[in-house]
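Reader: I am in my first year and would like to take a close look at a single part of this model, the antiparallel sheet. Could you set it in its context and then go through it strand by strand?

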Amino acid sequence: MEIKNPFLFFILSIFSIIFSLVRSGDVEALLELKATIDPSNVLNWKITTDICTWQGVKECNMKGRVTKLVIENLNLNGTLDENALNQLDQLRVLSFKGNSISGQIPNITGLFNLKSLFLNNNNFSGKFPATVTVLHRIKVLVLAGNNLSGEIPPSLTKLSRLYVLYLEDNQFTGEIPPLNQPSLKFFNVSVNQFSGEIPNTPVLSRFNESSFAGNINLCGAQLHNCPSTSPSYPIKPENVSHHKISKKLIVIIVSVITGILLLCILMSIFVVCVRKRRRKSKDGKSKGVEAGGGGGEEGTSGGGGGRDGNNGGKEGAFSWDQGSGGLGTLLFCGPGDQQMNYSLEDLLKASAETLGRGTMGSTYKAMMESGYIVTVKRLRDSRFPRLEEFRRHVEIIGRLRHPNLVPLRAYFQAKEERLLVYDYFPNGSLFSLIDGTRANSGSKPLHWTSCLKIAEDVATGLLHIHQNPGLTHGNLKSSNVLLGSDFESCLTDYGLMPFRNPDSPEESGASSLFYRAPECRDIRRPVTHQADVYSFGVLLLELLTGKTPFQDLVQEHGSDIPRWVGSVREEETESGDEPASSNEASEEKLGALLNVAMACVSLVPENRPTMKDVLRMIRDARAEAQGSFNSSDHSPGRWSDTVQSLPRDEHLSI
């Protein structure tokens, strides 16, 4: 065949050769990698097929280079080949999670385009892979569930784009670096051997106790166990010999500071006078709602909202710039709530104490001047949803009344502020009960009588929510189950998920994520009744084991969940004070509850029972247990003994 344009043919040939060399480079690298981690030949990689169709190769770029390699849960073993791995220099996402790969994590500086690295739930050992810290594009780093040890390098703070850092369930030691990257939204270093004080950086202070739990020698504000709070970055003593200041310079500095302070004082007086004049001119329009008020228009204040954080009992914790819209109106919800003897002004003047910061916003204990105490939840996103939609939904929630629900008493909304007012529960949460019981009784899980009572209370409250069309809980976890005056379990934070902006970044801890059903872990997906049932199943497993779900329990243990639960209870009760016959009886009673949990955490939503069926199964198990108990395996006082030993009025992780 005659070639009409030899030059064009030459150019095309060159490109063809380069393209084939590039592709063959990744082929060779992947085959070398397979040789070290796949002795059982699980991966069906054939040179005769397009590399971009190979198992685990999820994406390729325009040149046919592999950019996303995801090889998960295939029971691969062996070690990673450093040279082969670094040849895959176009990788953006690399995941080997859920295998049995061992050895040290190799030097991967050749993967300079890498953004996400998942090596969790393997058998990696050795030190933290310090070479990762030079990969400045890294956003997601997940090394949880391995046997890694040693200290975390301070250079980790240089990863300016870091979004997810999961290092839980390893053997890391030393201090936690002062991570302060604003991009960091997911963080967990629980169940390691870290020591010292948690750095008090603005970013780390956003994460709650679950992100740090399980480190015996670690202390900090999140763990409530440091004798005193020291600054994150201690001020180094200055060298006096190098900083001698003349008296003349001192006089100048003092004069300037004094002048600035006087100017600030004058400006403050001026602002106060202006505000007083405005208030007088609007007398009768900017007054707070009197007790019983509940039908007026909401305010349209445009201020930025009150201060977050613990105000140490100071007044005005919820105050904000009233702007031109006045205080607005506190709207009361259910029948009889209008008789509450407090107004919005009383609420704004109350001294406040931070109880916790959670998925939906911050929660405060507010003590009014009259001595009346309420719990106030300040929603994080005051712009979503729209005012009228917010009003309709919160009034539906406010009408719910049940012995196992924390009642929503009142709410306030303005352009930049949304507050929900609940009854105050001084006996703490189920999370504090489980954690406190472990601390006070030698790390023993709750007795089966306690497990059954709590399970019935929670199931009863959840069923009542589901019986109202369109309502779900959406955020069920142990910290959102509070203990009432008779230590009954009461659900809080229910029905609030519609108030989340689906475009806002996820900021909840790992434990919150793993309570959610797999199909609803994307916050843009609506929460269903089946998803609530899944969360309830995880809560039952937490009751049975006393362990907060720091990993996906279903993915971690699968069909071996019953064996895992049994081993945990056997391990943590082997030094107990119950006779063998009691333990056998307990296993029988707990078996029924475990069966309920297993049905609830089915990965197929349609296979999960309804809450009506769940409650029936729990009541059947409890009735059978109460009908067959004897003095050796049942004590009516066990439940009260457990809860009475807990400290009152503690901080809640809501």
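Author: The accessible surface of the chain comes to about 31,900 Å², and 54% of that area belongs to carbon and sulfur atoms; accessible areas come from the Shrake-Rupley method with a 1.4 Å probe, and for residues only the protein chains shown count as cover. Please keep in mind that this is a predicted model, in which local features need pLDDT of at least 70 and side-chain atom pairs count only at pLDDT 80 or more, while totals for chains, interfaces and linings use all residues. Residues are numbered from 1 along each chain as its sequence is written, and side-chain values use heavy atoms, with hydrogens and water left out.

Of the 654 residues of the chain, 49% count as buried, where buried means under 20% relative accessible area, exposed means over 50%, and partly exposed lies in between, with a 1.4 Å probe and protein chains only. The secondary structure comes to 14 helices and 22 strands; these are DSSP runs numbered from the N terminus, helices being H or I with at least four residues and strands being E with at least two. Among contacts between residues at least 6 apart in sequence, 59% join residues at least 24 apart, a contact being heavy atoms within 4.5 Å.

Now to the part you asked about. Here 6 strands form an open sheet in the order β15-β19-β20-β18-β17-β16, with antiparallel pairing; two strands pair if DSSP finds at least two bridges between them. The edge strands are β15 (331–332) and β16 (351–357), each of which pairs on one side only. Starting from the β16 edge, 6 bridges join β16 to β17 (residues 361–367), and the two run antiparallel; as one pair to look for, Ala-352 has Ala-366 in β17 as its bridge partner.

On the next step across the sheet, β17 is joined to β18 by 7 bridges, again in the antiparallel sense, and the bridge partner of Thr-363 in β18 is Lys-377. These two strands, β17 and β18, form a hairpin with 5 residues between them, and in the turn Gly-371 has a positive phi of about 95°. Strand β18 also pairs with β20, in the antiparallel sense over 5 bridges, and there Val-374 has Asp-423 in β20 as its bridge partner. Because 6 of the 7 residues of β18 are buried, this strand is largely enclosed by the rest of the structure.

A helix belongs to the picture as well. Helix α5 (residues 387–398) packs on the sheet and touches β15, β18 (373–379), β19 (408–413) and β20 (418–423). The direction of α5 makes about 170° with that of β19, where axes are lines fitted to C-alpha atoms, for helices over the stretch in contact, and angles run from 0 to 180 degrees between N-to-C directions.

Between the numbers of β15 and β16 in the sequence you can also find Leu-344, whose place is in helix α4 (residues 344–349). Leu-344 has 0% relative accessibility, so this residue counts as buried. The C-alpha atoms of Leu-344 and Leu-331 are separated by 9.1 Å, and the two residues are 13 apart along the chain.

For comparison, it may help to see another sheet in the chain. In that one, 5 strands form an open sheet in the order β3-β5-β7-β9-β11, and the pairing is parallel. The edges are taken by β3 (77–78) and β11 (171–173), each with a single partner strand, so one side of each is left without a neighbour in the sheet. Within this sheet β7 (residues 123–127) and β9 (residues 147–151) pair in the parallel sense over 3 bridges, and Gly-126 has Leu-148 in β9 as its bridge partner.

Finally, helix α7 (residues 448–466) gives you a simple check to work through. At 1.5 Å a residue, the 19 residues of α7 should span 27 Å, and the end C-alpha atoms are 27 Å apart, which agrees; the expected span is 1.5 Å times one less than the number of residues. Since 19 of the 19 residues of α7 are buried, this helix is largely enclosed by the rest of the structure.
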